[in-house]
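Let's practise reading a protein structure together. Take a look at the sequence and the model below, and keep them in view while you work.

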Amino acid sequence: MARIRGAKEHSLRLARMMGSGRDRLVGQALFAGGERIQVEAQVSITRGAVSGKNHVPSRPGEPPNADTHRLSDNIETLQPAPLRVEVSSNAPYAVALEYGTSKMAERPYMRPATQKKRGEVVDLVRRAVNAVIRGG
């Protein structure tokens, strides 16, 4: 029977990769990524917005211009499971703005924010996975 060199070290590395440390590190990276998307969506809604009598609604296809700030103030990042993160707005009209309705064109804010931050989020998760593989 041939001996495998480094089998013990390899087994230990695999055990670390399957342990709770993996979920913790990668979960933290996912949550940080979700928060970046949240902030980007909030900024896209509030940038240049004017509330009250001088409020100007956004044009179709552009992020909504904040008036009451209910939409942007209700965007949150949640982590319902260790390796799952959700970014959403709980404002009652959030979905109607994002996707439009039969009477109003869409004013997306979450999809553009996600697309803009996608590379950063992928990089955060990649670094976390590499840390797990290295045993960090």
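Here are some exercises on this predicted model, each with a worked solution.

**Exercise 1. Find out how many helices and strands the chain has, and in what order they come.**

Step 1. Count the elements: the chain has five helices and two strands.

Step 2. Walk along from the N terminus, and you will read the order α-α-α-β-β-α-α.

Step 3. Now look at the chain as a whole. It has 136 residues, and 27% of them count as buried. The chain exposes about 9,100 Å², with carbon and sulfur atoms supplying 55% of that area.

Step 4. Consider how contacts span the sequence. Take the contacts between residues at least 6 apart in sequence: 55% of these join residues at least 24 apart.

**Exercise 2. Work out how strand 1 and strand 2 are arranged.**

Step 1. Locate them: strand 1 covers residues 75-81 and strand 2 covers residues 84-89.

Step 2. Check the direction. The two strands run antiparallel and are joined by five bridges.

Step 3. Look at what links them: strand 1 and strand 2 form a hairpin, with two residues between them.

Step 4. Pick out some partners. I75 stands opposite S89 of strand 2, while L78 has E86 in strand 2 as its bridge partner.

**Exercise 3. Decide whether S44 and A113 are buried or exposed, and find how far apart they are in space.**

Step 1. Place S44: this residue belongs to helix 2, which spans residues 20-46.

Step 2. Apply the cut-off. Buried means under 20% relative accessible area. S44 counts as buried because its relative accessibility is 14%.

Step 3. Do likewise for A113, which lies in helix 5. A113 has a relative accessibility of 2%, so it counts as buried.

Step 4. Compare sequence with space: A113 and S44 are 69 residues apart in sequence, yet their C-alpha atoms are 7.8 Å apart.

Step 5. List the contacts, leaving out residues up to four places away in sequence. S44 touches P63, P64 and Y109. A113 is in contact with I37, E40 and A41.

**Exercise 4. Describe the surroundings of R107, and find which side chain of opposite charge is nearest.**

Step 1. Find R107 in the loop between helix 4 (94-99) and helix 5 (110-134).

Step 2. Look for a charged partner. R107 is buried but has no salt bridge. The nearest side chain of opposite charge is that of E62, 7.6 Å away. A salt bridge needs a nitrogen-to-oxygen distance within 4 Å.

Step 3. Search for a backbone partner instead: the side chain of R107 reaches the backbone oxygen of A105 at 2.8 Å.

Step 4. Gather the other neighbours. Beyond four places in sequence, the contacts of R107 include S58, R59, P60, G61 and E62. Also among them are P63, P64, L97 and E98.

**Exercise 5. What is the sign of the phi angle of H69, and where is this residue placed?**

Step 1. Read the angle: phi of H69 is near 70°, a positive value in a residue other than glycine.

Step 2. Place H69 in the loop between helix 2 and helix 3 (70-73).

Step 3. Judge its exposure. With a relative accessible area of 27%, H69 is partly exposed.

Technical notes
Residues numbered from 1 in each chain as written. Predicted model: local features only at pLDDT ≥ 70, side-chain atom pairs only at ≥ 80, totals over all residues. Heavy atoms only, no water. Helix = DSSP H or I, 4+ residues; strand = E, 2+ residues; numbered from the N terminus. Buried < 20%, exposed > 50% of the residue type's maximum accessible area, 1.4 Å probe, protein only. Lys, Arg positive; Asp, Glu negative; His and termini not counted. Polar contact = N/O pair within 3.5 Å; in protein donor to acceptor, adjacent residues only side chain to side chain. Contact = heavy atoms within 4.5 Å. Pairing = 2+ DSSP bridges. Areas by Shrake-Rupley, 256 points an atom, 1.4 Å probe, with all protein chains shown as cover.
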